[in-house]
Amino acid sequence: MFGKLTDLYIDWKEARKERKIVELTERASMLSQNKEHDLVLLYNEGFVNARATGRSITEIESEVQSFVRTVINVVVLPGTYFIADGNHQNMVVRRESSFKLYPMDNEKRTLQTSCINATLEIPREMNYFDGVRMTHPDLVRFLEKAEFKDPMTVQAGVWAISDDFTAFDIKNRLSSVDDYGNYSQSISDDHIEEARGILDELRIPHRLYN
């Protein structure tokens, strides 16, 4: 008797899963095959899941999973951020990435990113992210303008916006160590000056003069 009930429950779950796939596929089939579609919008519609693992302060390894039986052209725009699953910083995409996502398939991509929420830990390889959102409009504008700048220039501007950091705060937040144990600041005065210039050009308030 117990075995029959278990089988019925499994069948019910599978049928419900199939109905959900059919429903999502019907909706997703309305998407244009000739356009790229924003990952955040696809995630919010339930067509895909998006997660990632940490790699460094400048990269994450992302995985996008399709829940539909149709091909979708996906674009990951600057300003898309992956939500930290733990007490580490969210990671925001600083360089656009596009790919074709096949039916019920996964696509793994290394994405160029910057950290936001500077007071939290910098993500490492054992840190995970689950879900995506679009960040503040001012940060999106900065990332679009600085898309191909040095990663440390971008990081300086991101922390200036996301955490209201000064130049002093930024230089002392991130350091590197060489083979001899000598520490140096990863974000230089030149990086900060370049970030300041972009922020001023876009008329985004900041405290990088301090």
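**Group meeting: a barrel and the helices beside it**

Setting aside residues up to four places away in sequence, Phe142 touches Thr153, Val154, Gly157, Val158, Ile161, Ala195, Ile198, Leu199, Leu202 and Ile204. I begin with this residue, colleagues, and shall work outward from it. Please bear in mind throughout that the model before you is a predicted one.

Where does Phe142 belong? It is one of the buried residues of helix α3, which spans residues 137-145; the others are Leu139, Val140 and Leu143. Why do these four lie on the same side of α3? They cover an arc of only 165° around the axis, and that places them on one side of the helix. A general point helps here: an α-helix has 3.6 residues a turn, so residues three or four places apart point the same way. What covers the buried residues of α3? The cover includes three strands, β6 (90-93), β8 (106-116) and β9 (128-134), together with two helices, α4 (151-162) and α6 (189-202).

Phe142 also appears in a wider setting. The largest nonpolar core has 54 residues, and Phe142 is listed with Leu39, Phe82, Trp159 and Ile170 as those having the most contacts inside it. Helix α4 gives the most to this core, namely six residues. In soluble globular proteins, nonpolar side chains tend to be buried together.

I turn now to the strands. Six of them close into a barrel, in the order β2-β3-β8-β6-β5-β9, with antiparallel pairing. From one strand to the next, the twist averages 40°. Helix α4 packs on the sheet, where it touches β6 and β8, and its direction makes about 70° with that of β8.

Let us follow some of the pairings. Strand β3, residues 59-66, is joined to β8 by seven bridges, and the two run antiparallel. Within that pairing, Glu63 has Lys108 of β8 as its bridge partner. Strand β8 also holds Thr113. Is Thr113 buried or exposed? With a relative accessible area of 1%, Thr113 is buried. Apart from neighbours within four places in sequence, Thr113 is in contact with Ile57, Thr58, Glu59, Ile60, Met91, Val92, Val93 and Arg94.

Strand β5, residues 80-84, is mostly covered, five of its five residues being buried. How many bridges join β5 to β9? There are four, and these strands run antiparallel; Thr80 stands opposite Met134 in β9. Two bridges join β5 to β6, again in an antiparallel arrangement. In that pairing Phe82 stands opposite Met91 of β6. Phe82 is also among the residues with the most contacts inside the largest nonpolar core. The hairpin of β5 and β6 has five residues between the strands, and Gly86 in this hairpin takes a positive phi near 150°.

Positive phi values also occur at two residues that are not glycine. Asn117, in the loop between β8 and β9, has a phi near 65°. Asn117 is partly exposed, at a relative accessible area of 28%. The other is Asp164, with a phi of about 60°, in the loop between α4 and α5 (167-173). Asp164 is likewise partly exposed, its relative accessible area being 39%.

Let me finish with helix α6 and the segment that follows. Asp190 has its place in α6 and is exposed, with a relative accessible area of 58%. The C-alpha atoms of Asp190 and Met152 are separated by 9.7 Å, although these residues are 38 apart along the chain.

His206 lies in the segment after α6. Is His206 buried or exposed? Its relative accessible area is 15%, and His206 is therefore buried, since buried means under 20%. Which side chain does His206 join in a polar contact of 2.8 Å? The partner is the side chain of Asp200. A polar atom of the His206 side chain also lies 3.0 Å from the backbone nitrogen of Leu208. Leaving out residues up to four places away in sequence, His206 touches Ala160, Arg196, Leu199 and Asp200. Leu199 brings us back to the start, as Phe142 touches it too.

Note on methods:
Residues numbered from 1 in each chain as written. Predicted model: local features only at pLDDT ≥ 70, side-chain atom pairs only at ≥ 80, totals over all residues. Heavy atoms only, no water. Buried < 20%, exposed > 50% of the residue type's maximum accessible area, 1.4 Å probe, protein only. Arc of directions from axis to C-beta. Contact = heavy atoms within 4.5 Å. Core = buried A, V, L, I, M, F, W, Y, C linked by side-chain atoms within 4.5 Å. Polar contact = N/O pair within 3.5 Å; in protein donor to acceptor, adjacent residues only side chain to side chain. Pairing = 2+ DSSP bridges. Axes fitted to C-alpha atoms, helices over the stretch in contact; angles between N-to-C directions.
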